[in-house]
2 protein chains.
Amino acid sequence: MVAMTHPEADEIRLERVLYALSDGVRLSIVRQLAREGATSCAALNGSRPKSSMSHHFRVLRECGVVRTRSEGVTHMNELRRADLDQRFPGLLASILTVKD
Amino acid sequence: MVAMTHPEADEIRLERVLYALSDGVRLSIVRQLAREGATSCAALNGSRPKSSMSHHFRVLRECGVVRTRSEGVTHMNELRRADLDQRFPGLLASILTVKD
């Protein structure tokens with residue numbers, strides 16, 4: 001497995017978070033994680049192509065929006081809500097409030 | 001002069017606004033407009049190259065973040081604060097609160 005990169009909370013940068021959220025697919029992943037909590041990649045992929053979803057997960061991870069951990073052969077993803085709320089108060093809430 | 005495109009308020013899309021704000025230069029323009037109100041391109045450019053600044057202004061306009069109007073030979077830019085606050089309550093405030 002390729003090593004997964006997660007920035008520390010204090011390394012998360014506003015521009016990078018906004019970039020991660022500037023894509024409809026990534027926004028829909030974030031909305032689903034906000035609703036459902038920790039979720040496997042498989043469940044989040046739905047019928048979308050695995051290769052492009054892997055790219056989206058990597059962007060979300062490297063920008064500090066999502067944390068992925070391995071559980072056996074499954075990757076579980078969680079929204080880094082506490083880290084984001086601490087770094088950028090109100091940002092995530094304002095984005096999640098917007099209707100699709 | 002090239003015609004300038006501004007979306008109507010109800011056409012402004014969240015992903016596009018987040019994209020427009022996902023760049024350090026564009027964020028700094030938005031912060032300056034938030035502080036100073038309507039400002040000319042020349043004053044916003046500072047010592048940065050005009051061609052890349054033109055690109056950034058176009059992104060900000062086309063994504064619905066900034067409105068540019070011509071006053072003689074000057075272009076004046078304004079943050080579309082009321083439109084953004086109405087469409088995405090709390091978003092701009094949370095972003096402007098973050099320190100550079």
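Helices here are DSSP runs of H or I with at least four residues, numbered from the N terminus. With that in hand, welcome to a set of close-up views of a predicted model.

**View 1. Ser51(A) sits in helix α4 of chain A.** This helix covers residues 50-62. At a relative accessible area of 59%, Ser51(A) is exposed, because the cut-off for that class is over 50%. A handy distance to try for yourself runs from Ser51(A) to Ser28(A): C-alpha to C-alpha, the two lie 17 Å apart in space, with their positions 23 residues apart in sequence.

**View 2. Chain A is built from six helices and three strands.** Followed from the N terminus, the order of elements reads α-α-β-α-α-β-β-α-α. Along the principal axes, the C-alpha atoms of chain A fill a box of roughly 35 × 30 × 20 Å. The radius of gyration of chain A is 13 Å, which agrees with the value near 13 Å for a compact globule of 100 residues. Of the contacts in chain A with a separation of 6 or more, 67% join residues 24 or more positions apart.

**View 3. The surface of chain A comes to about 5,200 Å² of accessible area.** Carbon and sulfur atoms account for 50% of that accessible surface. On the other side of the ledger, 44% of the 100 residues in chain A are buried.

**View 4. Gln32(B) lies in helix α2 of chain B.** The helix takes in residues 24-36. Is Gln32(B) buried or exposed? Its relative accessible area is 14%, so Gln32(B) counts as buried, the limit being under 20%. Leaving aside residues up to four places away in sequence, Gln32(B) touches Gly37(B), Thr39(B), Ala43(B) and Leu44(B).

**View 5. Cys41 is shown in both chains, and the structure holds zero disulfides.** Why does Cys41(A) form no such bond? The closest cysteine sulfur to that of Cys41(A) belongs to Cys63(A) and is 16 Å away, too far for a bond; a disulfide would need the two sulfur atoms within 2.5 Å. In chain B, the sulfur of Cys41(B) likewise has its closest cysteine sulfur in Cys63(B), at 16 Å, and that is too far for a bond. Cys41(A) is buried, with a relative accessible area of 16%, and Cys41(B) is buried at 16% relative accessibility.

**View 6. Chain B meets chain A through 17 residues of chain B and 17 residues of chain A.** The size of an interface is often given as the accessible area lost when the parts come together. For chain B and chain A, the buried area is about 1,300 Å², and carbon and sulfur atoms give 80% of it. Which residues of chain B lose the most area to chain A? They are Leu14(B), Glu15(B) and Leu18(B), which together make up 34% of what that side buries.

**View 7. Chain B can be laid on chain A by a turn of 180 degrees.** The shift along the axis is 0.0 Å, and the RMSD is 0.0 Å. The two copies are therefore related as by a two-fold rotation axis. The same surface serves both copies, as 100% of the contact residues of chain B recur in chain A.

Conventions
Residues numbered from 1 in each chain as written. Chains lettered and ligands numbered in written order. Predicted model: local features only at pLDDT ≥ 70, side-chain atom pairs only at ≥ 80, totals over all residues. Heavy atoms only, no water. Least-squares fit on C-alpha atoms with pLDDT ≥ 70 in both. Contact = heavy atoms within 4.5 Å. Buried < 20%, exposed > 50% of the residue type's maximum accessible area, 1.4 Å probe, protein only. Helix = DSSP H or I, 4+ residues; strand = E, 2+ residues; numbered from the N terminus. Rg over C-alpha atoms; globule rule 2.2 N^0.38 Å. Areas by Shrake-Rupley, 256 points an atom, 1.4 Å probe, with all protein chains shown as cover. Buried area = accessible area lost by both parts, 1.4 Å probe.
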